[in-house]
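Here is a short briefing to read alongside the sequence and the 3D view. Please keep both open as you go through the points.

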Amino acid sequence: MKNIILFFACFSFFGTINSNAQSVSDQIESSLSAVVTVTVEKTLPAGKVLMGFRGVIVEEAYERSLVLTNAVSSGSGFVVEKNGKKYIVTNAHVVESASDERGSLYVYSYNRKKYEVKIVGGDSFYDVAVLEFVTPPGKEFSSLVFANKLPQIASRVYAIGNPLGEYPYTVTDGIVSAVNRVRDGVTGKFGFIQSTATIIWGNSGGPLINESGQVVGINSQIAFANSPDGSVLLMQQINFSLEPILAKRIVSDIIEKGKLSRAYLGVEFKQRSEIVKTRQGLTTGALIDNSPILSSLFKGTDASTKLSTYIGWGLLKVNDNEIRNMEEAYGEFEIIKPNSQVKLTLTNGTTIKEISLTTTELKSANLEELAVSVLQKIPDVLVDSNSPQVKIYTQNKKEAGYYLVGGGSVASDDLWRVTTLSDLGALLRIYGLRGGVEYIITSENNFKQEPQTINHFFSDRNDVFQTMLWY
């Protein structure tokens, strides 16, 4: 009797798999008409900007290869709809170097039709950008929707995109390995799904979809590892996509406001670590501060009134969530919405205090104030606050000034265009967790002169590495 039961159980199991496989294939093929190849044909001089079709689709999508002769770079994207209008979602890093000129950005549909698009807005921290059609979209486009919840661990997912810019509508499958991953780097640190659905250069910005054809992630990053011989290895089974609930919020805000709406507290935190010498060079060692330390406040905020006597105190919790480092603090602050309440738990080592604050919305004026505050901490640097472009003097106002035109990291080729104090404030918020930033300056008297670099380490000691968080 046990054998008979086992036989029927196996028969039912295999029958279910075959049925689902067919329906999943239909879902994936129906999703192809919402996926596009994004191409950049004109770029900025330097730096990046802080930023029922089944049979027909398959036949046309793979009939011929795309001709991307004029493309300087390319990536992937997908169509969503809001208020009856179609938009393209992609990664910010796919389009951040595109020129503002007409004829700079295009997308290709599955039947190789080319459409001009323009940038609505983006968010460089989460690596998301939204594009708007300049050429009215054709009837061949369908649209995708974001899933309303995180996928389950080990659930099947599929990545669609144009790897290497040569293989459009490539579909790879895998499982969800983990959720809520934190990624290294200056952008996109929180809210990532880890999956085994292989992605590569050119897949960036494409959708990660579930078996129902819903978007469960925006494909963004690949994991790398250093081998014993020093070479860098691509880890093809470790891939990252921005999770759907956060992605949907970001896309919606960008469409409505041109940017992600963020809360503003007016607080500055720092956290220090030892710098240790090794055979390979300098590296960060043990923490000096066991938690982020409240180091400064910005005027005119609820925090400046309620936290003025708590400078030097450590941050233990944000809204009852334990905080151990700056990344965790940043992650909790990113969840908070403008014009809401947030509770901070602080300690001086012996006493613990809970303080409730009211947030406002982050504005350009807040970023400008941050930029001036940070620049003024650099020895022998004065800021010309009356200049429409960021202008500094390196010794005294009698000496010729310098325009700050960019910033980031020269060594890692991660440079961003800076034209206003607001741009600089946004860049500093991103680079605070890196412990320093390089400013690219050019002389106001000789624009043909080779740009110079100012290294700004946030620590004032050579043996201490100090990260910063401004929120």
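The notes below start with the whole chain and then move through strands, a helix, a cavity and some loop residues.

This is a predicted model. The protein chain has 471 residues, and 50% of them are buried. Its secondary structure consists of 8 helices and 29 strands.

**The chain as a whole**

- The accessible surface of the protein chain amounts to about 23000 Å².
- Carbon and sulfur atoms account for 50% of that accessible surface.

**Strand 25 and its partners**

- Strand 25 spans residues 402-409, and because 7 of its 8 residues are buried, the rest of the structure largely encloses it.
- Which strands pair with strand 25? Strand 24 (residues 391-393) does so in the antiparallel sense, over 2 bridges, strand 26 (residues 414-417) runs antiparallel to it and is joined by 4 bridges, and strand 27 (residues 436-443) pairs antiparallel over 6 bridges.
- To find the pairing with strand 24, look for Ile392, whose bridge partner in strand 25 is Tyr402.
- On the strand 26 side, Gly407 has Trp416 as its bridge partner.
- Strand 25 and strand 26 make a hairpin, with 4 residues between the two strands. In the turn, Asp413 has a positive phi of about 55 degrees.
- Two pairs mark the register with strand 27: Gly406 stands opposite Ile440, and Gly408 has Glu438 as its bridge partner.

**Strand 27, covered on both faces**

- In strand 27, 8 of the 8 residues are buried, so this strand is largely enclosed by the rest of the structure.
- In a regular strand, side chains alternate between the two faces of the sheet.
- Strand 27 has buried residues on both faces: one side holds Gly436, Glu438, Ile440 and Thr442, and the other holds Val437, Tyr439, Ile441 and Ser443.
- Besides its pairing with strand 25, strand 27 pairs with strand 28 (residues 452-457), again in the antiparallel sense and over 6 bridges.
- Ile440 is a handy landmark here: it stands opposite Thr453 in strand 28, and Gly406 stands opposite Ile440 on the strand 25 side.

**Helix 8 and what it packs against**

- Helix 8 covers residues 421-431 and is mostly covered, with 9 of its 11 residues buried.
- The buried set is made up of Leu421, Ser422, Leu424, Gly425, Leu427, Leu428, Arg429, Ile430 and Tyr431.
- What do the buried residues of helix 8 pack against? They meet two helices, helix 6 and helix 7, along with strand 25, strand 26, strand 27 and strand 29 (464-470).

**The largest cavity**

- Rolling a probe the size of a water molecule over the atoms shows where empty space is left.
- The largest cavity has a volume of about 50 Å³.
- Its lining is made up of Tyr264, Phe298, Leu362, Asn366, Leu367, Leu370, Arg429, Trp470 and Tyr471.
- By class, the lining of this cavity has 7 nonpolar residues, 1 polar residue and 1 charged residue.
- Helix 7 (residues 364-375) supplies the largest share of the lining, with 3 residues.
- Arg429 appears twice in this briefing, as a lining residue of the largest cavity and as one of the buried residues of helix 8.

**Loop residues with a positive phi**

- Most residues other than glycine have a negative phi.
- Asp320 has a phi near 70 degrees, a positive value in a residue other than glycine. Asp320 sits in the loop between strand 18 and strand 19 (321-322).
- Is Asp320 buried, partly exposed or exposed? Its relative accessibility is 47%, so Asp320 counts as partly exposed.
- Asn339 is not a glycine either, yet its phi is positive, at about 60 degrees. The loop that holds Asn339 runs between helix 6 (326-335) and strand 20 (341-347).
- Asn339 counts as exposed because its relative accessibility is 62%, and the cut-off for exposed is over 50%.

**Gly312 and its contacts**

- Gly312 is found in the loop between helix 5 (302-306) and strand 18 (314-318).
- With a relative accessible area of 47%, Gly312 is partly exposed.
- Which residues does Gly312 contact, leaving aside its neighbours within four places in sequence? Gly312 is in contact with Ile293 and Leu294.
- Gly312 and Ile293 are 19 residues apart along the chain, and their C-alpha atoms are separated by 5.7 Å.

Note on methods. Residues numbered from 1 in each chain as written. Predicted model: local features only at pLDDT ≥ 70, side-chain atom pairs only at ≥ 80, totals over all residues. Heavy atoms only, no water. Buried < 20%, exposed > 50% of the residue type's maximum accessible area, 1.4 Å probe, protein only. Contact = heavy atoms within 4.5 Å. 1 Å grid on protein atoms, 1.4 Å probe; cavity = no way out; pocket = protein on both sides within 12 Å on 5 of 7 lines; lining within 4 Å. Points joined across faces, edges and corners; volume = space filled by probe spheres on them. Nonpolar A, V, L, I, M, F, W, Y, C, P; charged D, E, K, R; others polar. Areas by Shrake-Rupley, 256 points an atom, 1.4 Å probe, with all protein chains shown as cover. Pairing = 2+ DSSP bridges.
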